[in-house]
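Colleague: I would like a close look at one part of this model, the charged pairs on its helices, and then at how that part sits in the rest of the chain. Please take it residue by residue.

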Amino acid sequence: MSDEELILMEAQVDMAEIISKNPGKEMATVSMCFKVIVDSYVAMLGEEDTVKFLEVAIDSVEKGYHTINAENIPKNQLN
């Protein structure tokens with residue numbers, strides 16, 4: 001596993017732990033996390049480059065790159 005894959009996996013686990021701390025409020029928690037992430041991008045990239053980044057993210061979602069397909073998730077990672 002590459003360093004990038006390991007970092008991604010660790011971030012996913014950390015995010016899942018944050019979300020699970022507020023049962024019944026998952027959407028609100030994800031929304032707050034998203035705000036913090038967008039704020040972080042603005043701090044690092046500035047508003048203009050963050051807008052460009054978000055446009056790329058929208059395109060990525062529209063192309064289906066983030067579709068959740070349970071068949072591709074290893075069984076040991078399903079809760």
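Modeller: Glutamate 48 is a good place to start: its relative accessibility is 58%, so it counts as exposed, the cut-off being over 50%. Bear in mind throughout that this is a predicted model. The side chain of glutamate 48 meets that of lysine 52 in a salt bridge, with N to O at 3.6 Å. Lysine 52 has a relative accessibility of 44% and therefore counts as partly exposed. The two residues are separated by about one helical turn, because glutamate 48 and lysine 52 are 4 residues apart in helix H3.

Helix H3 itself covers residues 47-62. Its length can be checked with simple arithmetic: at 1.5 Å a residue, its 16 residues should span 22 Å, and the end C-alpha atoms are 22 Å apart, so the two values agree. Just after H3 comes glycine 64, whose phi is positive, at about 85°.

Another charged pair involves aspartate 59 and lysine 63, whose side chains form a salt bridge at 3.1 Å, N to O. Lysine 63 is exposed, as its relative accessible area is 53%. Aspartate 59, with a relative accessible area of 34%, is partly exposed. Returning to the start of this account, salt bridges with shared partners link Glu48, Asp49 and Lys52 into one network.

Helix H2 has a charged pair as well. Aspartate 39 and lysine 35 meet through their side chains in a salt bridge of 2.7 Å, N to O. Both residues belong to helix H2 and are 4 residues apart, about one turn of the helix. Aspartate 39 counts as partly exposed because its relative accessibility is 38%. Over the whole structure, the search finds 4 salt bridges.

For contrast, consider a residue that is covered. Threonine 29 also lies in helix H2, which runs over residues 26-45. Is threonine 29 buried or exposed? Its relative accessibility is 7%, and buried means under 20%, so threonine 29 counts as buried. A polar atom of its side chain lies 2.9 Å from the backbone oxygen of lysine 25. Leaving aside neighbours within four places in sequence, threonine 29 is in contact with Ile18, Ile19 and Asn22.

Helix H1, residues 3-20, holds valine 13. Valine 13 is partly exposed, because its relative accessible area is 42%. Together with Met1, Leu6 and Met9, Val13 forms a nonpolar patch on the surface, and the accessible area of these residues together is about 370 Å².

Now for the whole protein. The protein has 3 helices and 0 strands, and its elements run α-α-α from the N terminus on. Of its 79 residues, 6% count as buried; threonine 29 is one of the buried residues. The protein exposes about 7,100 Å², and 60% of that area is supplied by carbon and sulfur atoms.

To return to your request, the charged pairs described here include glutamate 48 with lysine 52, lysine 63 with aspartate 59, and aspartate 39 with lysine 35.

Key:
Residues are numbered from 1 along each chain as its sequence is written. This is a predicted model: local features need pLDDT of at least 70, side-chain atom pairs count only at pLDDT 80 or more; totals for chains, interfaces and linings use all residues. Side-chain values use heavy atoms; hydrogens and water are left out. The expected span of a helix is 1.5 Å times one less than its number of residues. Buried means under 20% relative accessible area, exposed over 50%, partly exposed in between (1.4 Å probe, protein chains only). A polar contact is a pair of N or O atoms within 3.5 Å; within protein, one must be able to donate a hydrogen and the other to accept it, and residues adjacent in sequence count only if both atoms are side-chain atoms. Contact means heavy atoms within 4.5 Å. Patches are made of residues with over 30% relative accessible area and no salt bridge: like charges are joined within 9 Å, nonpolar side chains (Val, Leu, Ile, Met, Phe, Trp, Tyr) within 5 Å. Accessible areas come from the Shrake-Rupley method with a 1.4 Å probe; for residues, only the protein chains shown count as cover.
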